[in-house]
Amino acid sequence: MKAKVFNSDKSKVVSGLIDTGCNTDALSLNACKHLGIENQIQPHHSLATGVDGHNLKVVGSVFATLNIGDVKYTNTFPVLEKIDSFDVMIGTRFMQSTDLMTKVVDLMKDSLGPNNVERVN
């Protein structure tokens, strides 16, 4: 997935991961540096747990707008020191607020068959 992140007059394409099993949306510190918004990060340090149980270092949060195609999403994103090989991680919160979850479920039904996919809220 490629996404554009907008902050004031800056707009750059970054790589992203859509994780249907994650309820958090996040930007990497590298993405913030790439966008020139590192100085807008509100610092706070904590840990988050990754899908494999390892700790992810949270360095702060930043207000940004994310565009994927014609979908626009403005949020205060946690900033993680590192997100594997990606700049942006999008979870179910984004997908539900933009109705992307319905589109993903419909795509899964098309490929797997309607009797094999059920949406659970």
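## A walk around Asp 25

The chain has a mean pLDDT of 77, and 78% of its residues reach 70 or more; pLDDT is the predictor's confidence in each residue, from 0 to 100. This is a predicted model, in which local features need pLDDT of at least 70 and side-chain atom pairs count only at pLDDT 80 or more, while totals for chains, interfaces and linings use all residues. Residues are numbered from 1 along each chain as its sequence is written, and side-chain values use heavy atoms, with hydrogens and water left out.

Let's begin with the overall layout. The chain has three helices and seven strands, taken as DSSP runs numbered from the N terminus (helices are H or I, at least four residues; strands are E, at least two). Along the sequence they follow the pattern β-β-β-α-β-β-β-β-α-α. Among these elements, strand β3 (residues 26-28) has the highest mean pLDDT, 91, and strand β1 (residues 2-7) the lowest, 57.

Of the 121 residues, 42% are buried; buried means under 20% relative accessible area, exposed over 50%, and partly exposed in between (1.4 Å probe, protein chains only). Contact here means heavy atoms within 4.5 Å. Among contacts with a separation of 6 or more, 50% are between residues 24 or more positions apart.

Now to Asp 25, which sits in the loop between β2 (10-18) and β3. Asp 25 counts as buried because its relative accessible area is 2%. Beyond its neighbours within four places in sequence, its contacts include Tyr 73, Asn 75, Phe 77, Met 89 and Arg 93. Asp 25 and Val 79 are 54 residues apart in sequence, yet their C-alpha atoms are 9.3 Å apart in space.

The table collects some polar contacts, that is, pairs of N or O atoms within 3.5 Å; within protein, one must be able to donate a hydrogen and the other to accept it, and residues adjacent in sequence count only if both atoms are side-chain atoms.

| Side chain | Partner | Distance |
|---|---|---|
| Asp 25 | Gly 91, backbone nitrogen | 2.8 Å |
| Asp 25 | Phe 94, backbone nitrogen | 3.5 Å |
| Asn 75 | Tyr 73, side chain | 3.3 Å |

Asn 75 belongs to strand β6 (residues 71-80). Not counting residues up to four places away in sequence, Asn 75 touches Asp 25, Val 62, Phe 63 and Ala 64.

Finally, Ser 28 lies in strand β3. Ser 28 is buried too, with a relative accessible area of 2%. Leaving aside neighbours within four places in sequence, Ser 28 meets Val 79, Leu 80, Ile 83, Phe 86 and Asp 87.
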